[in-house]
Amino acid sequence: MKYLIAGDSALIIEFGNDISTETNNKIRVFNDLIKSAKIQGITETVPTFRSLLIYYDPSKIYFDELKSKIEKLSKNLDSKSETKKRIIEIPVCYGGSFGEDLEFVAEHAKLTTREVIQIHTSREYLIYMLGFLPGFAYLGGLDSRLFTPRLKNPRTRIDAGSVGIGGEQTGIYPLASPGGWRLIGTTPVKPYDANREEPILYKAGDYIKFVEISQSDFYEIKNLVDKNLYHCNVIERGV
């Protein structure tokens, strides 16, 4: 573990140079350890692919004191591990006006559109981190057969709920924004809703599983979402 100064009120802990489930697991477990320790002066922690960013109030704790406390906690890291896996099922309507690039992805992969959907819905994708937009999840685990280059010229607007593939990653656009990913489907659920008690539907360390739905299912679920009556299916099981 490498400790770095980030401005006058933040500390970065680097866990390595690789992006892997093992490294990310250590980050999430250590993040939980720090939160449970309730160190006075820490204002926020932000887990990423291979590091943990810790914001603190320098009027309540100095950098050296914070670093010392965290180093003591790190001695307990190897004895801790995640015991539960939380999987959020996200309904998706694929192809057509819901996913205009599905055929391109299929042609690039030399697969049928049906095979692309089957492969895309067969995995449980680890959320490594959140960023870019509120509720945008950086997912790991995309089948290499579906790796697809981004658009040469990004779209100026991609609708919220769009599900796409960009290079070696897949994900959901939680808000309308520009973007260059290939769009293969749309979900009627809102990954981010500022009016919800928990605005973001998931957190780093959770898993997402995409579930194919029909067009009629899409509009039925969307109607329930608009009335705040829909809840994604969540599965919890041992690791």
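Tutor: Angles between helix axes under 35 degrees count as roughly parallel, over 145 as roughly antiparallel, 65 to 115 as roughly perpendicular, and the rest as oblique. Keep that in hand as we look at this predicted model.

Student: Why are H1 and H2 called oblique to each other?

Tutor: Helix H1 (residues 21–37) packs on helix H2 (residues 63–74) at an angle of about 120°, and their axes lie 10 Å apart. That angle falls outside the 65 to 115 range and is not over 145, so H1 and H2 are oblique. The contact is built from Phe30, Leu33, Ile34 and Ala37 of H1 together with Ile70, Leu73 and Ser74 of H2.

Student: What makes up that contact of H1 with H2, by residue class?

Tutor: Six of its residues are nonpolar, one is polar and none is charged.

Student: And what makes H3 and H4 roughly perpendicular?

Tutor: The axes of helix H3 (residues 102–109) and helix H4 (residues 113–120) cross at roughly 90° and come within 8 Å. Because 65 to 115 degrees counts as roughly perpendicular, H3 and H4 earn that description. Here Leu102, Glu103, Val105 and Ala106 of H3 meet Thr113, Val116 and Ile117 of H4. Those residues divide into five nonpolar, one polar and one charged.

Student: How do you know that strands S6 and S7 pair?

Tutor: Pairing takes at least two bridges, and S6 (residues 125–130) and S7 share four, in the antiparallel sense. Met129 stands opposite Tyr138 in S7. The two strands form a hairpin with six residues between them, and Phe132 in the turn has a positive phi of about 70°.

Key. Residues numbered from 1 in each chain as written. Predicted model: local features only at pLDDT ≥ 70, side-chain atom pairs only at ≥ 80, totals over all residues. Heavy atoms only, no water. Axes fitted to C-alpha atoms, helices over the stretch in contact; angles between N-to-C directions. Contact = heavy atoms within 4.5 Å. Nonpolar A, V, L, I, M, F, W, Y, C, P; charged D, E, K, R; others polar.
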